[in-house]
Structures are given as structure tokens and as C-alpha cells.
Amino acid sequence: MRVALFLTCVNDTLYPDTGRAVVKLLTRLGVEVDFPMAQTCCGQAHYNTGYRHEAEPLAVKFSDVFRDYEAIVTPSGSCGAMVRELYPRMGERARAEGRGDALAATLAPVVPKTYELTEFLVDVLGVTDVGAYYPHKVTYHPTCHGLRGLGLGDRPRRLLQAVKGLELAELPGAEECCGFGGTFALKNSDVSAAMGVDKVRNAESTGAEVLCAADNSCLMHIGGTMARLRVGMRPVHIAEILASTEEEPLA
Amino acid sequence: MSGTYLGMPAFPAAAHEAVRDRTLRGNLRHATHTIRAKRAKAVAEVSDWAALREAGRQIKDHTLRHLDRYLVQLEESVTAAGGVVHWAADADEANRIVAELVRATGESEVVKVKSMATQEIGLNEALEAEGIRAYETDLAELIVQLGKDRPSHILVPAIHRNRGEIRDIFRSEMAEWGRPAPEGLTDTPAELAEAARLHLREKFLRAKVGISGANFMVAETGTLVVVESEGNGRMCVTLPETLISVVGIEKIVPTWRDLEVFLQTLPRSSTAERMNPYTSTWTGTTDEDGPNTFHLVLLDNGRTDTLADQVGRQALRCIRCSACLNVCPVYERAGGHAYGSVYPGPIGAILSPQLRGTQSEIDASLPYASSLCGACYEVCPVAIDIPEVLVHLRERVVQGGPVTRGGNKVVLRPAKGHAAERAAMRASRWAFGHPGVLRTGQRLASRSRRFLPRTLPGPGRAWSASRDLPQVPAEPFRDWWQRTRGGKDGGDGK
Ligand code: SF4
């Protein structure tokens with residue numbers, strides 16, 4: 001199977017390790033991975049901040065870049081939700097504005113083929129034990145767009161539970177938002193920070209060494225808060241844990 | 001809407017204070033988490049919740065689509081049952097109508113059932129200006145009124161107060177409004193409730209005029225439906241000689257059968273009860289019992305403008321259960337007052353800027369008072385996609401566009417203060433349209449990474465004031481990919 005990696009602009013620029021982990025993991029599972037170099041950004045930040053018209057050309061570009069692949073895999077719940085949930089809505093809105101079906105027709109092909117990483121592993125590849133080894137105590141934060149947008153359910157937890165050596169600690173208040181929310185973190189910084197602190201305190205109470213999630217944007221916010229509070233915990237993307245093996249452990 | 005909250009600072013400024021108030025945050029956290037857990041249990045008991053939710057959504061959408069027809073039908077049935085219908089286009093008109101109706105009775109005191117519509121129009125203040133005193137009879141509303149405070153929650157207006165604060169308010173304020181608090185009042189719930197009961201009983205027995213809102217109005221019979229927990233509302237709609245009800249035009253349900261759905265979903269969503277302790281239905285007037293005069297004031301106040309908006313109109317499905325407030329992490333930290341309206345929380349963030357327009361500072365900031373986490377949508381018993389409407393209203397704020405105000409189509413200009421953001425969004429869209437530009441930017445960042453600060457200047461300062469920024473990596477992914485083709489061509493593939 002040949003799939004396209006949609007890494008997202010944030011991961012590409014700030015978290016290349018996550019991208020390398022996805023490549024390593026999928027290759028190990030027998031998947032041929034391609035990274036179309038023309039990819040950039042899905043338009044989520046533009047759309048969510050109220051710039052739908054700026055997001056549209058990015059969505060069209062996304063479709064141009066990815067439409068011919070069998071499947072598109074992304075290690076980001078929120079960018080996955082952007083494509084799957086909001087691209088169809090952008091098409092509907094364009095139609096309602098009397099601009100015809102062109103946008104909807106352009107975006108339609110990529111919508112059903114786009115998978116968040118854990119979804120792809122469990123639903124498409126049908127694996128929960130990916131042969132990973134990670135001897136640490138980990139707590140899992142289900143990010144909002146993964147949880148409520150894509151409905152990832154317990155897929156990430158099942159994957160983590162199958163990791164050799166990993167001890168999974170339940171996170172109190174797991175389903176509460178960490179307070180990132182893209183531009184929300186800037187526009188409502190006080191509330192965002194207060195939410196972040198509560199998330200970190202809850203994570204701390206589990207005694208875990210690592211907080212894991214399926215979206216680096218949330219991890220950036222949580223990790224930045226951890227660093228500021230000098231909490232002895234690390235944020236790690238789930239792809240990096242799943243890519244870690246006894247031969248090649250995650251540093 | 002009422003002028004009560006005009007001049008409010010934008011949401012972030014109002015929230016700034018609330019986030020620092022430890023008592024407030026403690027009160028809110030305790031209250032919302034308790035009710036949240038109870039609601040989840042009450043909802044889980046119902047095997048067909050999803051179907052009920054969908055039915056509620058459909059009934060409301062159908063009614064809104066044919067609102068003109070149902071409003072006429074409602075007027076006919078209320079009139080046939082002996083009531084009088086008045087139409088109010090805005091808050092001023094509604095207040096004027098109610099004040100005239102009260103004055104016509106010769107009374108200068110009224111008792112009130114807790115009602116969002118009358119708070120929305122600032123009725124108490126308007127009556128006060130006419131020399132008419134309105135007594136709130138809902139316990140929490142009484143606390144707010146005595147405390148010269150504002151409600152901060154739809155269902156539990158005094159949610160921001162703890163028992164000790166309530167005792168202090170009763171002790172110092174009750175005498176001024178009627179029967180004083182009993183000597184040596186403590187902060188036990190039973191004693192507080194008894195003090196309120198004695199105080200209110202006097203009012204109920206004396207009042208000749210009652211004012212209410214309604215949770216629903218049944219079009220086929222002209223029936224007013226009030227659901228509540230304390231029974232004080234029932235006293236208000238049955239004891240006085242004259243009943244005046246101020247009801248938003250979106251409160252209609254076509255038939256009695258439709259109530260079946262909402263009388264299941266509303267209590268479970270709001271108080272986590274299987275059924276409301278008091279459900280009062282009242283149709284017109286009779287000679288034997290209850291008020292012999294009934295006036296229904298149907299309130300628009302921005303609702304038909306809201307109805308004209310294809311995306312935003314779903315806010316009118318709201319049955320004011322407040323479940324969205326109780327799960328909202330932003331509401332929990334910012335408190336209800338920060339929303340600058342009687343409608344706080346997620347529903348307030350989408351309703352106020354539609355009813356009032358997005359011109360004021362507070363209204364332009366409300367669509368951003370959310371991290372779009374989606375918890376509100378998940379719990380909403382009429383499936384209002386609050387995040388969708390928030391994003392839609394953000395678009396209105398930053399880009400302007402066609403809206404309906406006062407029944408007229410107008411084209412809004414973008415709100416002030418977004419020029420820099422708009423430029424940044426355009427620039428980044430342009431850069432993302434050209435992968436080469438993105439790459440150059442990434443490389444520049446990588447090369448200068450050792451000199452990049454961990455805190456940001458300008459608008460980013462708010463972020464880095466409380467969080468550390470990640471370090472820019474030495475090599476962006478796409479460079480690694482190109483160098484190694486995914487680790488195959490000689491790269492270290494780490
Ligand atoms: S928006 Fe939905 S959840 Fe919020 S108060 Fe209205 S009906 Fe309840």
C-alpha cells in the first residue's frame with residue numbers, strides 16, 4: 001500500500017521528529033510512504049480564525065497535491081478534522097453563497113481518504129500491536145479535535161496499551177480541553193493559560209514521566225506550560241512512542 | 001438589547017480579572033463539575049438520547065422555518081383562550097408595554113418568575129424607572145437581586161456565590177426589600193432556604209400582578225409552559241390577578257406532543273433530573289382560579305434578524321438548559337459576567353453578537369471566547385453546532401459581509417483592529433501557496449535558531465508570558481526527506 005504523508009506545516013517546521021517517526025513506523029508495517037513536496041498547510045488556522053476565504057485556496061491546493069493517493073495519513077487530529085469535517089462544509093458554504101459546486105467537487109476526493117495516524121493503523125491496517133517498545137509510565141491526553149471532531153475513541157489507548165514496557169496512567173479530566181485552540185491561545189491568553197495549568201497539574205498527579213497526545217499543537221501548549229511550571233514531565237507525540245523499538249529506542 | 005451591559009470591556013479583559021479571582025474560580029469549578037457529572041449520568045439513563053436530541057432539533061427547525069405561521073396560530077389560540085397578545089419589536093417597546101400594563105392595574109409592585117427574556121430586555125430596571133418594584137422570587141435570582149449583582153449563569157444565576165456570601169447578603173439586604181433575615185442566620189442550606197421562603201411568602205400573598213417568561217408556548221392551544229425546581233414560579237403564575245408573560249418568539253412549539261421531547265431533554269440537560277419538580281402549563285384565563293387577566297408580550301429583539309442568517313439561526317433552537325455552560329472550560333475560568341450579557345457561556349457567545357450585532361467591543365470579542373473544543377456541541381440537547389456558529393461569526397467580525405439588522409439587509413464592514421491579523425493571514429496564505437517560500441522561511445528559522453528568543457515580541461507576548469516556545473529544529477522535515485527520501489538514501493534516518 002502506498003500512502004501520502006500529510007505532515008502539516010507545524011510538524012514540518014517545528015516537529016520533524018514526529019514526521020520521521022511516522023515514516024519509520026509505517027515503513028516497518030510494510031506501508032510505502034511518500035511525502036509530496038508541494039504540500040504546505042491545510043488552512044485550519046485561517047478557517048478557524050474567520051478567514052474562510054483565505055483557507056479556500058489552501059484547501060484546493062491540498063486536494064491538488066493529495067488527490068491521487070490511495071490514502072492520506074496525518075499525525076494531527078486537528079488537521080485531520082479540518083480535511084474530513086470542514087472541507088465538506090466549505091464546499092456547502094460556497095454552494096449556499098451561489099458559487100456553484102466547483103469547490104465541493106474539487107475537495108470531495110480527498111475527504112474520505114484522509115486518516116489520522118491512529119485511525120489509519122487501527123482501521124485500515126487493522127493493527128493495535130505495532131511492535132513498539134517504550135519502557136515508561138505514560139498518560140494520554142485525547143485532544144479535542146481527535147476526540148470530538150474525528151471520533152478517535154479508544155484507538156490511541158489501545159495502541160499504547162499494546163506497547164511493550166509501557167505503563168498507561170489514566171489522566172484525570174482527560175476529555176477537557178488543554179486550552180490551546182490555535183489563535184485562542186493568543187486572543188484569550190489568560191483563560192488559555194489557566195486551562196493549560198490545570199491540564200498539567202492533572203497530568204502531574206498521575207505520576208507519569210510522559211504526556212502523550214496525537215497532535216503536536218496541543219503538545220506545544222502543554223509542553224510549554226510544563227517547562228514554565230518546571231514539571232518533570234515530557235510531552236511526546238504518540239507516533240514517536242509507536243515508532244520506538246528495542247533496537248532503536250526513542251532517545 | 002438592554003443597555004445594562006453596554007460599555008463592557010472586551011471578553012479577554014473581563015476574563016483577566018475573573019481568572020485571578022480564586023474564590024470565584026473555586027465556586028465555579030465546584031458547581032460546574034458537580035452538575036457536569038450528574039448530567040452525564042442522567043443522560044446515560046435514557047437509551048434513546050440521540051433520537052430525542054435529533055427530534056428536538058427537528059421540531060425546533062421546523063417551527064423556525066414556519067415561524068410566521070405558528071406565531072399567527074399562537075396569537076389566535078391565546079386570544080381564543082381569553083388572553084391578549086402584544087408584539088414587541090425590541091427591548092424598549094417590550095418594557096413600555098409591560099410598564100403600561102402594570103400601571104393600568106394601579107399596582108406598584110410585581111412578583112416575577114425567573115425569566116431570561118425579561119432580563120434580556122432589562123425589565124426590572126425599566127419598571128424601577130417607572131416607580132414599579134419588581135421582586136424576583138427564584139431563590140438564586142433573589143440572591144442576585146439582593147446582592148445588587150448580575151446573574152452569571154442561565155440556570156443558577158448565583159453560581160458564582162458560595163453559602164457564606166449568600167448568608168451575608170441575606171443578613172444585610174433582606175430588610176430593605178421586605179421581611180428581614182431571621183436573627184442569627186447561619187450558612188446551612190436549610191436555614192438559608194427558610195429565610196428566603198419567609199421573605200418571599202409575604203410577597204406572593206400580597207402581589208396582584210405576576211410577571212413571567214416561558215420555557216415553551218404551545219401554538220395549537222396558546223398554552224404557557226413554565227418548568228422550574230422550586231415552585232415559586234407556579235405561585236407567581238397562579239396567585240396574582242394579572243399575569244404578564246414576556247416570551248421570545250422562538251419559544252413556540254407547534255403541539256402538545258412536541259413537549260414530550262423537551263420535557264425529557266430539558267431537565268436532564270439542565271439540572272440532571274429525570275423530570276422537573278414543577279411543570280406548570282397555563283392556558284388563557286378562567287373565572288374560577290388563577291389570574292383573570294393574561295397578557296402575552298411576544299418579543300423579537302433581534303430574533304428575526306438572527307433567523308435570516310443561514311448558519312447562525314440554529315442558535316434560536318436553544319432551550320436555555322445551560323448544559324453548554326456547565327461543560328465549557330472557558331466559562332469555568334472566566335465566569336458568567338465576562339460575557340457581558342444575560343446569556344453567558346457558549347450559547348451567549350453566539351447569541352449575543354447575533355441579537356445585538358457585532359459592533360461593540362464586547363460583542364466583537366465574544367466569537368473568540370472559545371477554544372473550539374466542541375464540548376458544548378456534544379452536550380447540547382438540540383444539537384446546536386456552537387463551534388460552527390462561532391467560526392461563522394468570527395468571519396463576520398474580520399471580513400464583514402451581508403447581514404440583516406432591524407429587518408433590513410445591510411453590508412457590514414470588518415470590525416476595527418483586525419487589519420494586522422488580516423494582513424498576516426493573507427501573507428501566510430500566500431506563503432503556503434508557494435512551498436518554496438515556506439521552505440526559505442523554515443531554513444532561515446533553522447539557521448538563526450540559536451538566536452531566536454524563547455519569548456515573543458508583539459502580539460505573541462501573551463503566549464510566551466505563560467508558556468515556553470518550542471526550539472526550532474536544526475532541519476525541517478522536508479529537507480530531511482529530500483536529503484534521505486525517508487531515511488533510505490544514506491541519511492541517518494534517526
Ligand atoms: S445552546 Fe444547547 S446546551 Fe446551551 S443552553 Fe441552549 S440548548 Fe442548552
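Is A:Asp154 buried, partly exposed or exposed, and what is its relative accessibility? At 39% relative accessibility, A:Asp154 counts as partly exposed, where buried means under 20% relative accessible area, exposed over 50%, and partly exposed in between (1.4 Å probe, protein chains only). The structure is a predicted model, in which local features need pLDDT of at least 70 and side-chain atom pairs count only at pLDDT 80 or more, while totals for chains, interfaces and linings use all residues. Residues are numbered from 1 along each chain as its sequence is written, chains are lettered from A and ligands numbered from 1 in the order in which they are written, and side-chain values use heavy atoms, with hydrogens and water left out.

Chain B contains 23 helices and 12 strands; helices (H or I, at least four residues) and strands (E, at least two) are DSSP runs, numbered from the N terminus. The C-alpha trace of chain B spans about 95 × 55 × 45 Å along its principal axes. Of its 494 residues, 57% count as buried. Among the contacts in chain B with a separation of 6 or more, 71% are accounted for by residues 24 or more positions apart, a contact being heavy atoms within 4.5 Å. The exposed area of chain B is about 20700 Å², of which carbon and sulfur atoms supply 53%; accessible areas come from the Shrake-Rupley method with a 1.4 Å probe, and for residues only the protein chains shown count as cover.

Over all chains, the structure holds 52 salt bridges, each defined as a side-chain nitrogen of Lys or Arg within 4 Å of a carboxyl oxygen of Asp or Glu. A:Asp154 takes part in one of them with A:Arg158, and the closest N and O atoms are 3.2 Å apart. A:Arg158 is likewise partly exposed, at 35% relative accessibility. In chain B, a salt bridge links B:Asp168 and B:Arg167, with 3.1 Å between the closest N and O atoms; B:Asp168 is partly exposed at 38%.

A further salt bridge is formed by the side chains of B:Arg333 and A:Asp198 (2.5 Å, N to O). Because B:Arg333 lies in helix α15 of chain B and A:Asp198 in helix α11 (residues 189-204) of chain A, this pair joins two chains. B:Arg333 is buried at 2% relative accessibility, and A:Asp198 is buried at 19%. Salt bridges that share partners join both residues with A:Glu176, B:Arg25, B:Arg29, B:Arg36 and B:Glu332 into one network.

Another acidic residue, A:Asp12, is placed in helix α1 (residues 9-14) of chain A and is buried at 1% relative accessibility. Apart from neighbours within four places in sequence, A:Asp12 is in contact with A:Leu7 and with B:Leu438, B:Gln442, B:Pro476, B:Phe477 and B:Arg478.

Enclosed space was also examined. Rolling a probe the size of a water molecule over the atoms shows where empty space is left. Six cavities of 30 Å³ or more are present; on a 1 Å grid over the protein atoms alone, a cavity is a set of points where a 1.4 Å probe fits but cannot get out, and lining residues have an atom within 4 Å of a point. The largest cavity holds about 110 Å³ of space. Its lining comprises 18 residues, with B:Cys328, B:Pro346, B:Ser370, B:Ser371 and B:Cys376 nearest the centre. Helix α16(B) gives the most to this lining, with three residues.

Definitions and conventions:
On a 1 Å grid over the protein atoms alone, a cavity is a set of points where a 1.4 Å probe fits but cannot get out, and a pocket is an open set with protein on both sides within 12 Å along at least five of seven lines; lining residues have an atom within 4 Å of a point. Grid points are joined across faces, edges and corners, and a volume is the space filled by probe spheres set on the points.
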